[in-house]
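Keep the sequence and the 3D view side by side. The text goes from the whole chain to single residues.

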Amino acid sequence: MDSYCGTRFLENKDDIVKLRGCFAGLWSLDDSDAVKNAIQQPEAYVMKPQREGGGNNIYGDDVKETLLRLQKEGSEEEAAYILMQRIFPTVFPTLLVREGICYKEHAISELGIFSAYLRNKETVISNEQCGYLMRTKVSSSNEGGVAAGFAVLDSLYLS
């Protein structure tokens, strides 16, 4: 885990702490401590299926119920999921237009940065930022897919 949290690439402990604060935790269901914590505090986690396209995430008390069911069944199904620390972004008022009608909603946005990294052993060949995706959705929705109709593509406005 440390290699993903900064200690492999940074030496300054203050910088490592700052970097770690930018990432949500991710765990496989093989991590018994993470599973135990998620059962005790299911509102702090989201279970995500490992498949393309997003959707079908599990939230709240359903996290606890699903984890307990998987433990009881002892099936291989648990390999299909990961646990992620739930992110609680800032909610803001916005105007959304659907089918020509303007709605005032409370929304949240998510910024994804695309990058490409290629190396050959210790030689970095390419490390480039390749673009971004900004999506916005109503804050009451747990789903966030644009193609599924839960979110809209958005643009950055820096001020």
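**A charged pair beside a loop**

Start with E122, which is exposed because its relative accessibility is 69%. This is a predicted model. E122 forms a salt bridge with R119, and the closest N and O atoms are 3.8 Å apart. The cut-off for such a pair is 4 Å. R119 is partly exposed, with a relative accessible area of 33%.

K121 lies in the loop between β6 and β7. K121 is exposed, because its relative accessible area is 69%. Check the backbone here. Most residues other than glycine have a negative phi. Phi of K121 is near 55°, a positive value in a residue other than glycine.

Now zoom out to the protein chain. The chain holds three helices and eight strands. Read along the sequence, the pattern is α-β-α-β-β-α-β-β-β-β-β. The C-alpha trace spans about 50 × 45 × 30 Å along its principal axes. The chain has 159 residues, and 25% of them count as buried. Take the contacts with a separation of 6 or more. Residues 24 or more positions apart account for 41% of these contacts.

Surface and charge come next. The accessible surface of the protein chain is about 11900 Å². Carbon and sulfur atoms hold 51% of that surface. The chain carries 17 positive and 23 negative side chains. The centres of the two sets lie 2 Å apart.

How many salt bridges does the count come to? The count comes to three. The pair E122 and R119 is one of them. Another joins R135 to E110, with the closest N and O atoms 2.7 Å apart. This pair links distant parts of the chain. R135 sits in strand β7, E110 sits in strand β6 (residues 101-120), and the two are 25 residues apart. R135 is partly exposed, with a relative accessible area of 24%. E110 also counts as partly exposed, at 43% relative accessibility.

R69 and E73 form a salt bridge too, with the closest N and O atoms 3.1 Å apart. Why are R69 and E73 separated by about one helical turn? The two are four residues apart in helix α3 (residues 61-73), so about one helical turn separates them. R69 is partly exposed, with a relative accessible area of 32%. E73 is partly exposed as well, with a relative accessible area of 45%.

Not every charged side chain is paired this way. Look at K137, in strand β7 (residues 123-138). K137 is buried yet has no salt bridge. Which side chain of opposite charge is nearest to K137? That side chain is E110, and the distance is 7.0 Å. The cut-off of 4 Å rules out a salt bridge over that distance. E110 has its own salt bridge, with R135. What does K137 touch, leaving out residues up to four places away in sequence? K137 touches H106, A107 and I108. K137 also touches N142, E143 and G144, along with F150 and A151.

Go next to L83, in strand β4 (residues 81-85). Is L83 buried or exposed? L83 is buried, because its relative accessible area is 0%. Sequence neighbours within four places are set aside in its contact list. That list includes G25, L26, W27 and L29. A34, V35 and A38 are also among the contacts. So too are Y45, V46 and M47, together with V63 and L67. Take V35 from that list. L83 and V35 are 48 residues apart in sequence. In space, the two are 7.9 Å apart, C-alpha to C-alpha.

Finish on the outside. L111, I113, Y132, L156 and L158 make a nonpolar surface patch of about 520 Å². One member, L158, belongs to the segment after β8 (151-154). L158 counts as exposed, because its relative accessibility is 74%. Set this beside L83, a leucine that is buried at 0%.

Terms used: Residues are numbered from 1 along each chain as its sequence is written. This is a predicted model: local features need pLDDT of at least 70, side-chain atom pairs count only at pLDDT 80 or more; totals for chains, interfaces and linings use all residues. Side-chain values use heavy atoms; hydrogens and water are left out. Patches are made of residues with over 30% relative accessible area and no salt bridge: like charges are joined within 9 Å, nonpolar side chains (Val, Leu, Ile, Met, Phe, Trp, Tyr) within 5 Å. Accessible areas come from the Shrake-Rupley method with a 1.4 Å probe; for residues, only the protein chains shown count as cover. Buried means under 20% relative accessible area, exposed over 50%, partly exposed in between (1.4 Å probe, protein chains only). Contact means heavy atoms within 4.5 Å. Lys and Arg count as positive and Asp and Glu as negative; His and the chain ends are not counted. The place of a charge is taken as NZ of Lys, CZ of Arg, CG of Asp or CD of Glu.
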